[in-house]
Amino acid sequence: MRVLPPAARGYILCAVLAAFACAAPVFARPATTPWTAVAVLAVLYAGCELVKLCPLPGRRVPEGIGSFFPVLLAAVFLLPPAAAALVAMPGGYAGTVVHRPVRVRRVWHAAQQALAAWTAGQVYGLLDGPATLGAGPVGGTGPPAPAGRVADFPYALLPAAAAAVAFCLVLTALDAGVLAAAERRSAASVRRGPPAAALAPHCVHGLAGLMMAVLWRSPYGLPAALLVLLPMYISCWAFAQYHRERAAHRATIRALVQAVDIKDRYTRGHSERVGQASAMIARELGMAEERLEVVRIAGILHDVGKLGVPTRLLRKDGPLTPEERRVIELHPEYGHEIVRGIGFLGEARSAILHHHERIDGSGYPYGLAGAQIPELARVVAVADAFDAMTSTRSYSRARPVPVALAELERCAGAQFDPAMVHALSDAIGRHGWHPVVTSDEDLQVIPAGNSANSANSANAANSANSGNSPNSGDSANSANAGGSADCGLGAAGAPAAAGHRPVPAGEPGPRRGGGGGRG
């Protein structure tokens, strides 16, 4: 975002004024301010931030190394709150900024960190943290204090931990506020990740800052305190390398998805929406956060095997011959071969291979049934069919979300795992359906609580879409059932018309009008 909205600029201005107000007591009472310690810590903190911008010749600092907070938290433990806020400003302004407007963002970071440091200092003082370091009252004496009093462990950990948590919460709250103002959204909707994910690194930085403060107060003074920085900086470097590897993983996934979207222009955005729906199902089932990410990736990459299918088949508007159908049915195996060597995908590989299996065993490529089908594949199968029905393709119109959910319910137990279908229905009923990536004009956004219409309207829509079930071609295959869709099976459970395997959701059919897609 290159131009910030007026609300965001006003929010940042208020934060800057508040930051200066927090640091003002330093200048109001200069005689009581430990200026030497303030200068040393400010230079150290700014230097740690500048190292990321000015690495050694021939070296490149990994992206994602983030702010180096141990020095700033040491200032919180060693200095009065106003002085700690002042220490934060140069380093906050010197930090890495990727997006424009650069100067506004630098000012924002300086103000944000100053407010967080001041709040953490207040919490630390309220819990009598300075006394646990063996120092006098905050504001009366500044570092380096005379040696002789030993830090009070383990009691020194409690106020330090509380200060680190306060520091993290203020940073998180201010971030949420500015994002809400910039994106015109509620603060709750812009929260990123679980709170524990943000608290853990700040607590580690707080522990390093406490070690630095204790060593500063020891007989060894500042040189001993500086020794803490080297192992901490190495650990931050390693953590940044991990984030850099994660970024490479995401770039790999994006490249594969873009290749599929370019090849099959009619399903552009489908992969991301299937990933979104798969994550909603997984979250409703109570899967762990790590597994939830795996199922989201599986949903995004489920159709990567289309790269091995001739483009003319993917873009064909008319009927497919049995031979063409068999070629397209190879795409799960193609996809598995493509991603087999990508180690970080893990369980997602089996979901890519088996997402067209059916609960009744009539799917492909291996005809697995029931619990033989991997759980993530059952999740992706439902998400894939749902998006295929609710988005417009070259051979079918989008169906209303309530009708698509009703169709999934009808096919539960034969084609889909009922638990996955119910999880998707409950998730959409609770949170609504808000596709993050859209490329079709007819994609629907359903607010929470409106995922299902009345029974009459759903039945009417089903009647209007007779023969237009999630199985492409089942209208033709079910002709002997009076035109009713039957999840790929004819009347009395007979196999589909000769030459056609019962087709899972989203597979090509011999005529246009099916609610699914080609793969």
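**Exercise 1. Determine how helix H12 passes helix H17, and describe the contact between them.**

In this predicted model, H12 passes H17 in a right-handed crossing. To place that crossing, take H12 as residues 289-301 and H17 as residues 375-390, whose axes come within 10 Å and cross at roughly 50°. Angles under 35 degrees count as roughly parallel and those from 65 to 115 as roughly perpendicular, and H12 and H17 are therefore oblique to each other. The next step is to list the residues involved: H12 contributes Arg291, Val294, Val295, Ala298 and Gly299, while H17 contributes Glu375, Leu376, Val379 and Val380. Sorted by class, the contact of H12 with H17 contains six nonpolar residues, one polar residue and two charged residues.

**Exercise 2. Locate glutamate 347 and state which residues it touches.**

Begin with the position in the chain: glutamate 347 belongs to the loop between helix H15 (331-339) and helix H16 (348-354). Its relative accessible area is 32%, and glutamate 347 is therefore partly exposed. Leaving aside residues up to four places away in sequence, glutamate 347 touches Arg291, Val294 and Leu376. These names return to the first exercise, where Arg291 and Val294 of H12 and Leu376 of H17 take part in the helix contact. A further step compares sequence with space, since glutamate 347 and alanine 377 are 30 residues apart in sequence and 9.5 Å apart from C-alpha to C-alpha.

**Exercise 3. Classify two of the aromatic pairs by the angle between their ring planes, and describe the surroundings of each ring.**

The structure holds five aromatic pairs. For phenylalanine 27 and tryptophan 35, the ring centres are 6.0 Å apart and the planes stand at 45°, so the pair is tilted. Phenylalanine 27 has a relative accessibility of 53% and therefore counts as exposed, whereas tryptophan 35, at 34%, counts as partly exposed.

For phenylalanine 386 and tryptophan 433, the ring centres lie 5.2 Å apart with the planes at 85°, and because planes over 60 degrees apart count as edge-to-face, the pair belongs to that class. The next step is to place the partners: phenylalanine 386 lies in helix H17, and tryptophan 433 in the loop between helix H19 (418-431) and helix H20 (455-464), so the pair ties together parts that are 47 residues apart in sequence. Buried means under 20% relative accessible area, and phenylalanine 386, with 0%, is therefore buried. Tryptophan 433, at 1% relative accessibility, likewise counts as buried.

**Exercise 4. Describe the packing of helix H5 with helix H7, and then that of helix H3 with helix H4.**

Two packed helices are described by the angle between their axes and the distance between the axes. For H5 (residues 102-126) and H7 (residues 157-183), the axes come within 8 Å and cross at roughly 145°, and H5 passes H7 in a right-handed crossing. On the H5 side the contacting residues include Trp108, Leu115, Thr119 and Tyr124, and on the H7 side they include Pro159, Phe167, Leu174 and Asp175. Divided by class, the residues of the contact of H5 with H7 are 17 nonpolar, three polar and one charged.

For H3 (residues 70-78) and H4 (residues 81-94), the axes are 8 Å apart and the packing angle is about 160°. H3 and H4 are therefore roughly antiparallel to each other, and H3 passes H4 in a right-handed crossing. Leu72, Ala75 and Val76 of H3 make this contact with Ala84, Val87 and Ala88 of H4. The contact of H3 with H4 has six nonpolar residues, with no polar and no charged residues.

**Exercise 5. Decide how far helix H18 is enclosed, and set the result beside the totals for the protein.**

Helix H18 spans residues 401-411, and eight of its 11 residues are buried, so H18 is largely enclosed by the rest of the structure. The buried residues of H18 are Val401, Pro402, Val403, Ala404, Leu405, Glu407, Leu408 and Cys411. Just after H18, glycine 413 takes a positive phi of about 95°. Turning to the totals, the protein has 21 helices and zero strands, and 50% of its 519 residues count as buried. Finally, of the contacts in the protein with a separation of 6 or more, 71% are between residues 24 or more positions apart.

Definitions and conventions:
Residues numbered from 1 in each chain as written. Predicted model: local features only at pLDDT ≥ 70, side-chain atom pairs only at ≥ 80, totals over all residues. Heavy atoms only, no water. Axes fitted to C-alpha atoms, helices over the stretch in contact; angles between N-to-C directions. Helix = DSSP H or I, 4+ residues; strand = E, 2+ residues; numbered from the N terminus. Parallel < 35°, antiparallel > 145°, perpendicular 65-115°, else oblique. Left-handed = near helix turned anticlockwise from the far one by under 90°. Contact = heavy atoms within 4.5 Å. Nonpolar A, V, L, I, M, F, W, Y, C, P; charged D, E, K, R; others polar. Phe/Tyr/Trp six-rings, centres within 6.5 Å; stacked < 30°, edge-to-face > 60°. Buried < 20%, exposed > 50% of the residue type's maximum accessible area, 1.4 Å probe, protein only.
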